[in-house]
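This report describes selected features of one protein model. It is intended to be read with the sequence and the coordinates at hand.

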Amino acid sequence: MAEVTFRKVEKVYSNGFKAVNGIDLHIADGEFMVIVGPSGCAKSTTLRMLAGLETVSGGEIYIGDKIVNNLAPKARGIAMVFQNYALYPHMTVRENLAFGLKLGKMPKDYIAQQVNEAAKILELEALLDSLPRQLSGGQAQRVAVGRAIVKKPDVFLFDEPLSNLDAKLRASMRIRISDLHKQLKRSGCPATTVYVTHDQTEAMTMGDRICVMKQGHIMQVDTPDNLYHAPQNMFVAGFIGAPEMNIRPTTIIHKAGALHITIGQDTLPLNASQQEKVARFVDKNVFFGIRPEEVLVSAQPLTVDGAQGTLIRTENMGHEFFLYLAVADIELTARVPADEAKPIIAGGLNCPVWFRFNMEKCHLFDAESERNIYL
Ligand SMILES: Nc1ncnc2c1ncn2[C@@H]1O[C@H](COP(=O)(O)OP(=O)(O)OP(=O)(O)O)[C@@H](O)[C@H]1O
Ligand SMILES: [Mg+2]
């Protein structure tokens with residue numbers, strides 16, 4: 001069993017800076033947990049404490065049912081893959097893969113078998129006698145992953161392992177690492193994985209669950225689907241999703257027997273199911289949040305529940321367009337399939353356009369606590 005548990009874990013660096021503020025996190029045996037967040041939010045610090053490369057200032061870290069706070073890194077049953085690969089430059093790929101096992105004084109046959117197996121999984125067989133300087137970035141990264149695999153760790157730790165690769169390679173390595181995780185699971189030796197990234201595509205596509213961090217705090221731990229569709233707070237709502245969710249100030253008002261949000265000169269009615277939850281926020285300042293794909297734009301006035309804006313900018317993504325609308329003093333982003341976008345942009349920039357929201361998918365956030373009012 002290699003579940004990982006953080007209990008009220010803190011990190012205060014020697015200069016007095018508190019990087020991690022008492023986090024609680026449970027990662028199940030065999031789970032793929034991604035830690036994501038902006039630069040400096042303490043993703044690496046958190047991972048390095050788990051690896052034993054940083055001391056823990058407060059709380060406990062468990063691997064299985066053992067507290068590992070004071071355990072040496074090599075006694076923790078972990079293997080870590082870094083951003084910069086950290087291969088030994090004077091050793092061949094084969095020697096790099098074997099190095100950790102040799103240090104552990106494993107039998108020669110066993111080492112050869114493990115190295116060959118890892119080389120096969122990662123398609124490194126033809127490169128076993130190459131030196132690191134003869135490898136491409138992607139190949140070097142595969143060796144770094146191979147070096148972790150041969151250790152047969154209970155827990156895999158990855159710290160931004162793909163950020164030095166170009167976009168195409170990143171996409172293929174992403175799939176490779178996910179497949180490896182599934183393969184180990186199928187073979188009956190699931191490896192608990194903690195994967196740090198600031199890339200939300202990696203987070204969304206690789207994680208069983210994702211832990212979103214901000215300034216040393218955990219903002220939400222959830223499945224990719226829940227983070228996208230049910231963000232608990234404004235930070236998660238804004239961080240997950242590209243282009244970003246539109247999050248703008250609004251007021252909730254009573255009008256014609258129903259609650260509406262204001263936007264520019266217009267008002268948009270909330271759905272019946274939303275009315276009850278927002279009743280106590282009437283006449284208060286809140287933020288509404290709507291993803292760009294839920295902003296429905298039209299070149300003609302919308303007779304029902306529509307509002308008016310001005311088209312100020314467009315971006316052509318090929319299969320879709322991002323349309324930027326100005327509505328009074330706010331700006332909205334809409335994501336529109338190319339064939340629907342063309343008649344809208346035909347009028348040119350600075351022309352009036354009309355839009356409405358798919359209110360079912362609208363979020364409202366308390367301006368003070370920034371929490372999602374609907375959850
Ligand atoms: N040795 C140190 N002494 C003091 N402060 C540190 C030290 N190492 C990191 N920090 C600070 O702790 C905070 C968290 O750093 P950390 O490297 O964990 O962030 P990160 O989320 O991994 O960022 P990035 O995405 O840029 O890698 C940052 O504010 C950083 O400046
Ligand atoms: Mg980092």
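The sections below treat helix packing, the surroundings of the ligand and two points of backbone geometry.

## Basis of the report

The structure is a predicted model, and the values below were computed from it.

## Packing of α4 against α5

Two packed helices are described by the angle between their axes and the distance between the axes. For helix α4 (residues 137-149) and helix α5 (residues 167-186), the axes come within 11 Å and cross at roughly 15°. Angles under 35 degrees count as roughly parallel, and α4 and α5 are therefore roughly parallel to each other. The crossing in which α4 passes α5 is right-handed.

On the α4 side, the contact is formed by G138, Q141, R142, V145 and I149. The residues that α5 contributes are L169, M173, R176, I177 and L180. Sorted by class, this contact of α4 with α5 comprises six nonpolar, two polar and two charged residues.

## Packing of α2 against α4

Helix α4 also packs with helix α2 (residues 93-103), at an angle of about 30° and with the axes 8 Å apart. That angle makes α2 roughly parallel to α4. Here too the crossing, of α2 past α4, is right-handed.

In this contact, V93, N96 and L97 of α2 meet V143, G146 and R147 of α4. The class count for α2 with α4 is three nonpolar, two polar and one charged.

## Packing of α2 against α3

Helix α2 packs with α3 as well: the angle is about 135° and the axes are 9 Å apart. Angles over 145 degrees would count as roughly antiparallel and those from 65 to 115 as roughly perpendicular; α2 and α3 are therefore oblique to each other. The crossing of α2 past α3 is right-handed.

From α2, the residues R94, L97, A98, L101 and K102 take part, and they meet Y110, I111, Q114, V115 and N116 of α3. By class, the contact of α2 with α3 has six nonpolar, two polar and two charged residues. L97 appears in the contact of α2 with α3 and also in that of α2 with α4.

## Surroundings of ligand 1

There are 13 residues around ligand 1, and those that come nearest are S39, G40, K43, S44 and T45.

Three of these residues can be described by polar contacts with oxygen atoms of the ligand. An N or O atom in the side chain of S39 is 2.6 Å from an oxygen atom of ligand 1. In G40 it is a backbone N or O atom that lies 2.8 Å from an oxygen atom of ligand 1. For S44, a polar side-chain atom lies 2.8 Å from an oxygen atom of ligand 1.

## Backbone geometry in two loops

Most residues other than glycine have a negative phi, and most peptide bonds are trans. Two places in this model depart from those patterns.

At E123, phi is near 50°, a positive value in a residue that is not glycine. E123 is located in the loop between α3 (108-121) and α4. The peptide bond joining A242 and P243 is cis, with omega about -5°. P243 is placed in the loop between α8 (234-239) and β11 (246-255).

Technical notes: Residues are numbered from 1 along each chain as its sequence is written. Chains are lettered from A and ligands numbered from 1 in the order in which they are written. This is a predicted model: local features need pLDDT of at least 70, side-chain atom pairs count only at pLDDT 80 or more; totals for chains, interfaces and linings use all residues. Side-chain values use heavy atoms; hydrogens and water are left out. Axes are lines fitted to C-alpha atoms, for helices over the stretch in contact, and angles run from 0 to 180 degrees between N-to-C directions. Helices (H or I, at least four residues) and strands (E, at least two) are DSSP runs, numbered from the N terminus. A crossing is left-handed if the near helix is turned anticlockwise from the far one by less than a right angle, and right-handed if clockwise. Contact means heavy atoms within 4.5 Å. Ala, Val, Leu, Ile, Met, Phe, Trp, Tyr, Cys and Pro count as nonpolar, Asp, Glu, Lys and Arg as charged, and the others, Gly among them, as polar. A residue is near a molecule or strand if one of its heavy atoms lies within 4 Å of it. A polar contact is a pair of N or O atoms within 3.5 Å; within protein, one must be able to donate a hydrogen and the other to accept it, and residues adjacent in sequence count only if both atoms are side-chain atoms.
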